[in-house]
Amino acid sequence: MHRLDITSGSLKGQRFDLKESPFFIGRSSKNDIQIKDIAVSRQQLKIFKIGEKLYVEDLESTNGTLLNGERITPRKRYHVGEGDTIAIANTVMHVNDGPPKESSSEEPDNKKEGKLSNERRSQSQKDLKLVYKVTELLRQSSNMDEIIDKVLGYLLDALPRIDRVAILLFENKQREIKRVISRSRQDPEELHFIYSRLVVNKVIQDGRPVMMADTCREAPNNFKTGMGTLQIGSIMCVPMISDSKILGVIYVDSIHGPYSFRKDDLLLLESLSGPVVVAIEKAMLANRLEGSLSEIRIIR
């Protein structure tokens with residue numbers, strides 16, 4: 001029988017037998033597994049069977065679902081089995097179905113259904129640990145500067161080929177940049193972070209990530225002059241979205257040549273954007289409450 005073992009989060013240590021199909025997970029009490037976490041959507045994930053095979057499907061959740069460290073595409077089914085790891089915000093679950101199964105000739109079909117190959121498992125587990133570290137950090141602190149600075153440090157550690165990383169925050173409907181918090185591998189004390197505003201503007205306009213592994217080959221013609229001036233070889237930029245509003249972007253680049261990251265690295269940034277948005281909103285709310293309390297004290 002298939003089951004889920006919860007290894008971290010508020011339900012850590014609990015085990016759920018997947019007797020029924022479909023089986024739903026989310027923040028609402030109407031789900032088969034309720035996860036009381038603001039970063040979890042009301043109905044986040046569906047688990048179901050087709051024959052004897054088990055599948056998962058993200059139900060267009062706000063912050064996404066990770067399968068073996070990679071964010072899965074909403075409304076697409078993924079085959080899962082013994083040893084696979086599912087992460088929803090701070091909750092990590094392992095799929096178990098008895099003794100490990102031997103490999104079979106069905107492996108090509110499993111790949112088509114979205115199951116990760118064994119060759120990618122090692123890196124996926126590292127990415128999963130990074131997302132878990134960031135999520136834990138967000139739960140422990142409400143200081144936005146401290147959170148963002150540590151997240152940038154984590155990214156530099158996780159992506160050894162990038163040179164610079166930053167989080168840019170916007171402040172109004174015109175999406176004017178309010179703050180830029182950055183880290184540089186070469187110069188940790190760098191005060192003036194120069195980034196590609198053309199790329200940031202495109203991400204803001206489209207609301208979708210941008211990745212250029214080799215800017216000389218992949219950048220549009222109207223971008224290339226700027227890229228050359230800034231000496232950017234590779235670039236990634238991911239929007240941070242909350243309730244269809246872009247709060248800012250996560251931006252990384254390399255100034256020492258092209259091909260400094262892979263497609264998996266872009267998926268990692270997308271996976272981190274959700275928890276970081278939750279932390280920023282939490283810090284903003286805390287600041288507003290502190291301001292309200294200060295006004296009350298003054299009136300009294």
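# Briefing: sheets, hairpins and two nonpolar cores

Six strands of this chain make an open sheet, ordered β2-β1-β11-β10-β7-β8, with antiparallel pairing. At its edges are β2 (15-17) and β8 (70-71), each of which pairs on one side only. Please keep in mind as you browse that the model is predicted. Overall, the chain has seven helices and 16 strands, and buried residues account for 48% of its 300 residues.

**The chain as a whole**

- The chain exposes about 16,100 Å², and carbon and sulfur atoms supply 48% of that area.
- If you take the contacts between residues at least 6 apart in sequence, 53% of them join residues at least 24 apart.

**Inside and around the open sheet**

- Two members of the open sheet, β10 (residues 85-88) and β11 (residues 91-96), pair in the antiparallel sense over four bridges.
- One place to look at this pairing is I88, whose bridge partner in β11 is T91.
- Just ahead in the strand numbering is β9 (78-80), and the loop between β9 and β10 holds E82.
- E82 counts as partly exposed because its relative accessibility is 27%, which lies between the 20% limit for buried and the 50% limit for exposed.
- E82 and R3 are 79 residues apart along the chain, yet their C-alpha atoms are separated by 9.4 Å.

**Strands β3, β5 and β6**

- β3 (residues 23-26) pairs with β5 (residues 45-50) in the antiparallel sense, over three bridges.
- Within that pairing, F23 has I47 of β5 as its bridge partner.
- β5 also runs antiparallel to β6 (residues 53-58), and six bridges join the two strands.
- I50 and K53 are bridge partners here, with K53 in β6.
- Together β5 and β6 form a hairpin with two residues between them, and G51 in the turn has a positive phi of about 70°.

**Strands β12, β15 and β16**

- β16 is mostly covered, as nine of its 10 residues are buried.
- β16 has an antiparallel partner in β15, joined to it by nine bridges.
- P239 stands opposite V249 of β16.
- β15 and β16 also make a hairpin with two residues between them, where D243 in the turn has a positive phi of about 50°.
- β12 runs antiparallel to β16 as well, through six bridges.
- In that pairing, the bridge partner of A166 is Y251 of β16.

**The nonpolar cores**

- As background, nonpolar side chains in soluble globular proteins tend to be buried together.
- The largest nonpolar core here has 36 residues, and L155, I167 and M240 have the most contacts inside it.
- At least two residues of this core come from each of α2 (121-140), α3 (144-158), β12 (164-170), β15 (234-242), β16 (245-254) and α7 (263-299).
- α7 gives the most to this core, with nine residues.
- Leaving out residues up to four places away in sequence, I167 touches I148, L152, R179, V180, I181, M240, V249, I250 and V276.
- Apart from this core lies another one, of 22 residues, including I35, V40, V56 and I88.

Key
Residues numbered from 1 in each chain as written. Predicted model: local features only at pLDDT ≥ 70, side-chain atom pairs only at ≥ 80, totals over all residues. Heavy atoms only, no water. Core = buried A, V, L, I, M, F, W, Y, C linked by side-chain atoms within 4.5 Å. Buried < 20%, exposed > 50% of the residue type's maximum accessible area, 1.4 Å probe, protein only. Contact = heavy atoms within 4.5 Å. Pairing = 2+ DSSP bridges. Areas by Shrake-Rupley, 256 points an atom, 1.4 Å probe, with all protein chains shown as cover.
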